[in-house]
Amino acid sequence: MPRKAQPEWTNPLRDPHDRRLPRIAGPSALVIFGVTGDLARRKLMPAVYDLANRGLLPPSFALVGFARRDWAHEDFAQVVREAVEANCRTGFRTEVWDRLSEGIRFVSGTFEDDEAFEQLQSTLADLDRDRGTDGNHAYYLSIPPNAFPVVLSQLRRTGMADESGDSWRRVVIEKPFGHDQESAIELNELVNSVFAEESVFRIDHYLGKETVQNILALRFANQLFDPLWSSHYIDHVQITMAEDIGLGGRAGYYDGIGAARDVIQNHLLQLLALVAMEEPVSFSPRHLQTEKIKVLQSTRNILPIDLNSARGQYAAGWQGSEPVVGLKDEEGFAADSTTETFAAMALEVDTRRWAGVPFYLRSGKRLGRRVTEIALVFKRAPHLPFDDTMTAELGQNALVIRVQPDEGVTLRFGSKVPGSSMEVRDVNMDFSYGGAFTVSSPEAYERLLLDVLLGEPSLFPVNEEVELSWQILDPVLAEWAASGTPDEYESGTWGPQSADTMMSRTGRAWRRP
């Protein structure tokens, strides 16, 4: 069953097939559970305002907050305004805020409070009648996963999940999507018992980043790269998400989750799928998801797992010029915890295109710098008509897609050094989003929230993708659970020695971004 399309507020003279013009959401209400949390303040509320400021929300839009605070509508509107002024991307404009604030409402209560959910139902009915939101409601669950069952049951009990006529009801879920494959299947069954799969939007904010979407353009709009995108020319692929921060105040949340569950299961495996997928029939959600699922079905751990994976915990060290404490000294973290802050693993994609090409995934905290990148490292030329001294500083060619912070693409290749002698050295050819385009990229949550309101699921993983990702990761987690404690690595470095050893066994090395 296809997702119900959202009516768009667009120029009637516009060609409906012209994707260059912005798509504008129709009448709708967005309900945020967990509205007092950090995500809502830093990302969700500012993203709603930025969409309004860019003219992508209709006059008949409403924002509803649900939390335990004893707030009136005006109190919540002030909280939203403070979050917007502190974090919005497009600059604060009073006239935009005044229009948006007319549709801001707040409902006070706990998730177990039946009366609070009945009040929420009444509030939405009033907005449908008075503000013209037309029964189109999206529920954003910015809450811990253990609160999902009670909230979903309340939405079902009150009928707020039920569609009628041309109206739609959608639910938005933040990661983590379970903690293993079994729990992911249970979570999917729970959500799908209340909302049809076509009405479920699982947020992976990395998929909303402009550079991630550019992978599709880079691959399928350029004949230049397509012939090289296979095992004939590519030696291996490295996908890295490195952070230079520690856990800080998130120690309680992070303990028991770790880098593999937090990042690899969702962000990095989704990036792998986009890099390795075949060209879709079209960019429709169904065709994109079909190709990603094929990749995940074909992805295997390189065996033995203990030699082709690594994990670690950061110890005290230096982050730039500042001394920082180790994980065990972070407030709220158990001294005997085996939760990893660095994870790396080697995977293979058993398809004709990628047979024999290892994919190396790694993520960690307190590493050398904050960077997310995808590096396709090419095989060396089969014959180099140079003396060794001429190419001593020549590495392997590489195509690097920089996801953050300096979004762009780098092509590394060999070039002669100016002079009378023949010496070849690596040089870079850079494309930067900031330098090539005058329009700044929208924040990921802007794109994703707009897609939810439009009913556009291309950038959201479906339940089969989630379950296949856990199927890939579970054997690694089981191996680690049986193998004692993680290795330590000094803060400010690029991970434990075991990660370097994993690569060196095959004559390869991690990139130092």
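Start by selecting Ala-444, Tyr-445, Glu-446, Leu-448, Leu-449, Leu-450, Asp-451, Val-452, Leu-453 and Leu-454: these are the buried residues of helix H12. Buried here means under 20% relative accessible area, exposed means over 50%, and partly exposed is in between, with a 1.4 Å probe and protein chains only. Helices (H or I, at least four residues) and strands (E, at least two) are DSSP runs, numbered from the N terminus.

Before you go on, some housekeeping. This is a predicted model, in which local features need pLDDT of at least 70 and side-chain atom pairs count only at pLDDT 80 or more, while totals for chains, interfaces and linings use all residues. Residues are numbered from 1 along each chain as its sequence is written, and side-chain values use heavy atoms, with hydrogens and water left out.

**Stop 1: around H12**

Now extend the selection to the whole of H12, residues 444-454. Ten of its eleven residues are buried, so the helix is largely enclosed by the rest of the structure. What does the covering? Add strand S1 (28-33), helix H1 (38-53), strand S2 (61-67), strand S4 (137-141), strand S5 (169-174) and strand S6 (200-203), which are among the elements that cover the buried residues of H12. Contact, for this purpose, means heavy atoms within 4.5 Å. Then step off the end of the helix: Gly-455 follows H12 and has a positive phi, near 70°.

Keep Glu-446 and show Arg-54 and Arg-89 as well, since a network of salt bridges links the three. A salt bridge is a side-chain nitrogen of Lys or Arg within 4 Å of a carboxyl oxygen of Asp or Glu.

**Stop 2: helix H10**

The structure holds 22 salt bridges, and two more of them can be picked up from H10. Select Lys-292 and Glu-465: their closest N and O atoms are 3.1 Å apart. The pair links distant parts of the chain, with Lys-292 in helix H10 and Glu-465 in helix H13 (residues 463-481), 173 residues apart. Are these two buried or exposed? Both Lys-292 and Glu-465 are buried.

Stay on H10 (residues 285-298) for Glu-291 and Lys-294, three residues apart, or about one turn of the helix. An α-helix has 3.6 residues a turn, so residues three or four places apart point the same way. The side chains of Glu-291 and Lys-294 meet in a salt bridge at 3.5 Å, N to O. Glu-291 is buried, with a relative accessible area of 9%, whereas Lys-294 is partly exposed at 43%.

**Stop 3: H4 to H5**

Next, pick Arg-157 and Glu-118, whose side chains meet in a salt bridge (3.2 Å, N to O). This pair also links distant parts of the chain: Arg-157 sits in helix H5 (residues 148-157) and Glu-118 in helix H4, 39 residues apart. Arg-157 is partly exposed at 41% relative accessible area, and Glu-118 is partly exposed at 37%.

**Stop 4: backbone oddities**

Go to the loop between helix H4 (114-130) and S4, where you will find Asp-134. Although not a glycine, Asp-134 has a positive phi of about 60°. Its relative accessible area is 49%, which makes Asp-134 partly exposed.

Arg-366 is another one to check: phi is near 55°, positive in a residue other than glycine. Look for Arg-366 in the loop between strand S13 (358-364) and strand S14 (371-378). At 13% relative accessibility, Arg-366 counts as buried.

Then come the cis peptide bonds. One joins Leu-303 and Pro-304, with omega at about -5°; Pro-304 lies in the loop between strand S8 (299-301) and strand S9 (309-315). Another runs from Gln-404 to Pro-405, with omega near 0°, and Pro-405 is in the loop between strand S15 (398-404) and strand S16 (408-416).

**Last stop: zoom out**

Select everything. The protein chain has 14 helices and 18 strands, and its C-alpha atoms fill a box of roughly 80 × 60 × 45 Å along the principal axes. Of its 513 residues, 54% count as buried. Among contacts between residues at least 6 apart in sequence, 77% join residues at least 24 apart.
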